[in-house]
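Reader: I am new to this structure and should be grateful for a close look at one part of it. Please take the sheet and follow a single strand in detail.

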Amino acid sequence: MIYLLRHGETIWNTLGRFQGQKDSPLTERGFEQADRVAKLLQKEISDSRQSFQMHVSPLGRTRQTADRVKRVLPLETHDEARLMEVSVGYWDGMTKFEIDNEFPGMLDDSDAFDWYFKSPDGESFDGACSRARDWIADVTGPTVAISHGLFGRLVRGVYSGLSKREMLELPVPQDGFYRLCDGECSLISGSVPGMLA
């Protein structure tokens, strides 16, 4: 069983910058989201007799989120580079507007979902899916994973056998998480007593 979390909102999320493998710290709202998700996760696994470990992308925003989770769930934690966000190479840290201005025509005929893989020096879709597949294959027990928006889509898509388009259109909430179990992905979200909505 895998619980797949996305990091909380970052400053660059609010500015429309694609972070890739560059970093931006969590906003105040991002810390609140991480706290809410931590409480939801605690509620979800508190009755489990299984022993969970936590795999965390080594980027700062996921580590900040993991620190909030560990406040309520002191899980054994491992850095896992395969959970890092997809890199768009030179475009990491840029907005779509900046990319369009600095790389004219590169985003022609792209949409809100497929532009990530048009970068001339970024990670390929197949390469990123292979990374997701390798990580899933190596998960040996109950695991909490903290990753990123686009890469989280690919993990869920590979796990569920979805097409490229289906994967890229998956939602990426920052106030809930997904349970991957027996070939199914279920969104876990909702209010937690004592937490702001």
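Which residue in strand 4 is the bridge partner of Arg-6?

Author: The model is a predicted one. In strand 4, the residue bridged to Arg-6 is Ser-147. This bridge belongs to the pairing of strand 1 with strand 4, which is parallel and extends over five bridges. Strand 1 covers residues 2–6, and strand 4 covers residues 143–147.

The wider setting is an open sheet of six strands, ordered 3-2-4-1-5-6, with mixed pairing. At its edges are strand 3 (76–79) and strand 6 (184–188), each of which pairs on one side only. From one strand to the next, the twist averages 25°.

Strand 1 also pairs with strand 5, here in the antiparallel sense and over four bridges. In this pairing, Leu-4 has Tyr-178 of strand 5 as its bridge partner. Strand 5 (residues 177–181) is in turn joined to strand 6 by five bridges, and these two strands run antiparallel. There, Cys-181 is bridged to Glu-184 of strand 6.

The side chains of strand 1 deserve equal attention. In a regular strand, side chains alternate between the two faces of the sheet. On one side of strand 1 are Ile-2, Leu-4 and Arg-6, and on the other are Tyr-3 and Leu-5; all are buried, and both faces are covered. Because five of its five residues are buried, strand 1 is largely enclosed by the rest of the structure.

Helix 3 (residues 60–72) lies across strand 1, strand 2 (53–56), strand 3 and strand 4. Its direction is at about 160° to strand 2.

Methods:
Residues numbered from 1 in each chain as written. Predicted model: local features only at pLDDT ≥ 70, side-chain atom pairs only at ≥ 80, totals over all residues. Heavy atoms only, no water. Pairing = 2+ DSSP bridges. Axes fitted to C-alpha atoms, helices over the stretch in contact; angles between N-to-C directions. Contact = heavy atoms within 4.5 Å. Buried < 20%, exposed > 50% of the residue type's maximum accessible area, 1.4 Å probe, protein only.
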